Amino acid sequence: MNNLTDTYTLNNGVKIPVVGFGTWQSKDGDEAYNAVKAALEAGYRHIDTAAAYGNEESVGKAIKNSGIDRKELFITSKLWNRDHGYESAKKALDTSLAKLGTDYLDLYLIHWPNPVQFRDEWQQRNADSWRAMEEALDAGKVRAIGVSNFRAHHLDELLKTAKVTPAVNQIFLNPSDTEDEVVAYNKEHGILSEAYSPLGTGKIFTIPELKDIAAKYNKSVAQVVLRWSLQHGFLPLPKSVHADRIKQNTEIFDFELSDDDIKKIDGFHGVAGLAQDPDTTDF
């Protein structure tokens with residue numbers, strides 16, 4: 001891997017840039033617009049958003065105003081919890097497309113497997129949503145479909161009725177929680193593990209040992225952790241609203257972590273929080 005536009009190949013043959021720009025917690029309006037603009041100027045071609053982030057319009061506007069050919073970009077959005085179900089999922093996708101100002105998404109994900117609203121029928125709701133997404137795939141409205149925050153038992157249920165295996169599972173993946181069971185399941189089923197919060201929502205910066213490792217490579221802690229993610233075969237989605245950090249987060253292709261340092265970083269389990277249990281969340 002030499003640069004931001006290098007790709008992984010998804011299980012349906014679609015190519016996805018190895019690093020994406022995350023927009024979670026970037027406020028709609030100038031903040032999200034300027035962040036995406038800075039990311040595109042820094043060389044990102046993979047932008048990740050979601051209906052729940054409430055910033056699809058600003059993200060879409062920044063993409064449009066960049067003048068970059070749509071075919072050069074990889075855009076992801078996600079189905080929010082209240083829209084689970086066949087008809088609702090179809091409508092939600094159309095709404096996301098309209099807000100983003102594009103005819104198609106490169107990737108569309110079910111954001112959470114077990115919303116509190118449908119806790120007694122989550123399996124059926126996921127199956128129905130997935131059917132709508134499979135139809136969107138056939139219709140060319142999306143190029144790939146996947147899931148987010150799914151554990152093995154959620155995927156088992158989905159695969160009982162799915163005609164298409166998810167291409168991606170986007171999970172909370174960083175040195176504080178390597179989600180080994182989920183990652184192993186993903187690997188076994190040819191599902192790419194995408195890492196949201198690859199910097200542990202900023203908490204990994206408090207780990208002193210990481211500062212020592214970063215100093216050794218003459219890199220920032222963020223650069224080291226993103227490199228760690230790539231060397232594990234994950235796809236990290238770093239986010240920032242600061243142009244200098246957005247650019248800094250792209251400078252991860254000119255060094256390699258030693259096996260020893262990878263192992264050291266693997267050992268930071270729990271120091272910066274763990275993934276939420278999707279079966280007990282209150283949303």
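A residue is called buried here when its relative accessible area is under 20%. The structure described is a predicted model.

The chain has 10 helices and 10 strands. Its radius of gyration is 18 Å, close to the 19 Å that the globule rule gives for 283 residues, so the chain is as compact as a globular protein of that length. The C-alpha trace spans about 55 × 40 × 35 Å along the principal axes of the chain. Of the 283 residues, 57% are buried. Among contacts with a separation of 6 or more, 74% are accounted for by residues 24 or more positions apart. The accessible surface amounts to about 12,300 Å², and carbon and sulfur atoms contribute 47% of this area.

Eight strands form an open sheet in the order β3-β4-β5-β6-β7-β8-β9-β10, and their pairing is parallel. The edges of this sheet are β3 (21-22) and β10 (235-236), each of which pairs on one side only. At the β10 edge, two bridges join β10 to β9, and these two strands run parallel. Within this pairing, E194 has L235 in β10 as its bridge partner.

Strand β6 covers residues 107-110. In the order of the sheet, β6 stands between β5 and β7. The side chains of β6 alternate: L107 and L109 point one way, whereas Y108 and I110 point the other way. All four of these residues are buried. On one side, β6 is joined by four bridges to β5 (residues 74-79), and the two strands run parallel. Here S77 stands opposite Y108. The pairing of β6 with β7 (residues 145-148) is also parallel and comprises three bridges. In this second pairing, I110 of β6 stands opposite V147 of β7.

Helices connect these strands in two β-α-β units. The unit made by β5, helix α3 (residues 86-100) and β6 is right-handed. A right-handed unit is likewise made by β6, helix α4 (residues 122-139) and β7. Strand β6 therefore belongs to both units, as the second strand of one and the first of the other, given that strands are numbered from the N terminus. Helix α4 lies across β5, β6 and β7, and it runs at about 145° to β7.

Two loop residues were also examined. P198 is located in the loop between β9 (192-196) and α7 (208-217). Its relative accessibility is 4%, so P198 counts as buried. Residues touched by P198, leaving aside those up to four places away in sequence, are L173, N174, P175, V225, L226, P236, L237 and P238. P198 and S229 are 31 residues apart in sequence, while their C-alpha atoms are 7.5 Å apart in space.

N249 is located in the loop between α9 (243-248) and α10 (259-266). With a relative accessibility of 5%, N249 falls under the 20% limit and therefore counts as buried. Beyond residues up to four places away in sequence, N249 touches Y44, A222, L226 and P238. L226 and P238 are also among the residues that P198 touches.

Terms used
Residues are numbered from 1 along each chain as its sequence is written. This is a predicted model: local features need pLDDT of at least 70, side-chain atom pairs count only at pLDDT 80 or more; totals for chains, interfaces and linings use all residues. Side-chain values use heavy atoms; hydrogens and water are left out. Buried means under 20% relative accessible area, exposed over 50%, partly exposed in between (1.4 Å probe, protein chains only). Two strands pair if DSSP finds at least two bridges between them. A crossover is right-handed if, with the strands pointing away from the viewer, the path from the first strand over the helix to the second runs clockwise. The radius of gyration is taken over C-alpha atoms; the globule rule is 2.2 Å times the number of residues to the power 0.38. Contact means heavy atoms within 4.5 Å. Accessible areas come from the Shrake-Rupley method with a 1.4 Å probe; for residues, only the protein chains shown count as cover. Axes are lines fitted to C-alpha atoms, for helices over the stretch in contact, and angles run from 0 to 180 degrees between N-to-C directions.
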